[in-house]
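User: I would like a close look at one part of this protein, with its surroundings filled in afterwards. Please keep it plain.

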Amino acid sequence: MSAPTPETAVDSDRARASLEALRSEIAKAVVGQDSAVTGLVVALLCRGHVLLEGVPGVAKTLLVRALAASLELDTKRVQFTPDLMPSDVTGSLVYDARTTEFSFQPGPVFTNLLLADEINRTPPKTQSSLLEAMEERQVTVDGVPRMLPEPFLVAATQNPVEYEGTYPLPEAQLDRFLLKLTVPLPSREDEIDVLTRHAAGFNPRDLHAAGVRTAANAADLEAARAAVATTTVSAEITGYVVDICRATRDSPSLTLGASPRGATALLSTARAWAWLTGRDYVIPDDVKALALPTLRHRIQLRPEAEMDGVTTDSVITAILNHVPVPR
């Protein structure tokens with residue numbers, strides 16, 4: 001790998017500064033969700049998609065809207081409901097009586113940032129309409145593939161406690177998400193901050209009035225992605241990632257371990273995090289920092305382990321404590 005030129009280093013520093021500013025802009029609207037904000041930025045850098053899970057009222061939708069408001073990118077929102085059809089997401093052919101021909105009417109998926117709100121409230125047929133878009137960055141309608149804009153990111157939300165009227169995401173679709181981010185309830189101090197902001201007139205439906213400004217654009221994002229691609233990964237780090245993922249396949253608590261796609265994802269997110277923190281090389285702590293959000297949705301617990309109170313996060317944490325760390 002060739003050494004970076006001074007011009008490249010300047011572009012990398014400028015891109016990093018713009019993404020740091022992006023995190024600051026989101027914080028103007030969302031309080032106390034720093035890890036989720038960081039996860040969204042990492043997903044942007046890795047061209048990946050994000051699944052946000054949390055109980056109602058913890059600002060999952062607001063988090064994605066704030067991200068869109070601080071990016072100079074096109075964004076659309078789809079409220080997933082039981083009667084939503086695949087064509088409502090991807091688009092369809094519409095007959096034009098004046099020309100007596102069918103023309104393609106693009107659906108909301110043709111955007112840069114798609115907010116798929118409560119994705120588990122729609123049947124599998126509609127959920128699967130996103131599979132091709134998320135993996136291939138294209139949509140096929142009537143046999144014709146149509147490319148999606150670049151960049152393209154799906155940020156989906158789901159509620160972990162209310163299962164009535166929901167359709168759990170199949171493993172094939174879960175694996176398409178680069179990260180699964182949990183959005184917890186805020187601490188007491190953060191919740192006081194939220195109420196103070198609302199008492200002072202904060203309106204979550206008017207982010208511009210809240211002071212959220214554009215901090216990065218598509219050019220900044222492309223420069224950042226190019227810089228991440230130059231981040232060095234040693235053979236020892238690659239082996240460490242593989243050992244972690246292989247350990248999930250041998251865990252007695254799991255029926256399904258992380259696939260090679262999961263290992264690739266963990267390496268990508270660790271590289272992005274290393275670059276965000278100002279390094280041009282990956283260390284074991286980068287891998288550890290992204291292991292939970294990258295792998296938690298790619299593994300499956302045995303029923304007896306789940307009954308004993310074991311969680312996917314506790315299994316991954318135990319594996320991280322067990323797998324030897326390269327020196």
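In which helix is the place of E222?

Analyst: This is a predicted model. E222 has its place in helix α9, which covers residues 218-229. The relative accessible area of E222 is 40%; partly exposed lies between under 20% for buried and over 50% for exposed, so E222 is partly exposed. Further along the chain comes R246, 24 residues apart from E222, and the C-alpha atoms of the two are separated by 33 Å.

The cysteines can be taken next. The structure holds 0 disulfides. C46 is in none, and the nearest cysteine sulfur to that of C46 belongs to C245, 14 Å away. C245 is likewise in no disulfide, with the sulfur of C46 as the nearest cysteine sulfur. A disulfide needs two cysteine sulfur atoms within 2.5 Å, and the sulfurs of C46 and C245 are 14 Å apart, so this pair does not count as one. C245 has 0% relative accessibility and counts as buried.

F102 is a contrasting case: at 57% relative accessibility, F102 counts as exposed because the cut-off is over 50%. F102 is found in strand β4, residues 101-106. Together with L93 and Y95, F102 makes a nonpolar surface patch of about 320 Å².

Last, a strand pair. Strands β6 (residues 138-141) and β7 (residues 144-147) run antiparallel and are joined by 4 bridges. One bridge links T140 to P145 in β7. The two strands form a hairpin with 2 residues between them, and D142 in the turn has a positive phi of about 55°.

How values were computed: Residues are numbered from 1 along each chain as its sequence is written. This is a predicted model: local features need pLDDT of at least 70, side-chain atom pairs count only at pLDDT 80 or more; totals for chains, interfaces and linings use all residues. Side-chain values use heavy atoms; hydrogens and water are left out. Buried means under 20% relative accessible area, exposed over 50%, partly exposed in between (1.4 Å probe, protein chains only). Two strands pair if DSSP finds at least two bridges between them. Patches are made of residues with over 30% relative accessible area and no salt bridge: like charges are joined within 9 Å, nonpolar side chains (Val, Leu, Ile, Met, Phe, Trp, Tyr) within 5 Å. Accessible areas come from the Shrake-Rupley method with a 1.4 Å probe; for residues, only the protein chains shown count as cover. A salt bridge is a side-chain nitrogen of Lys or Arg within 4 Å of a carboxyl oxygen of Asp or Glu.
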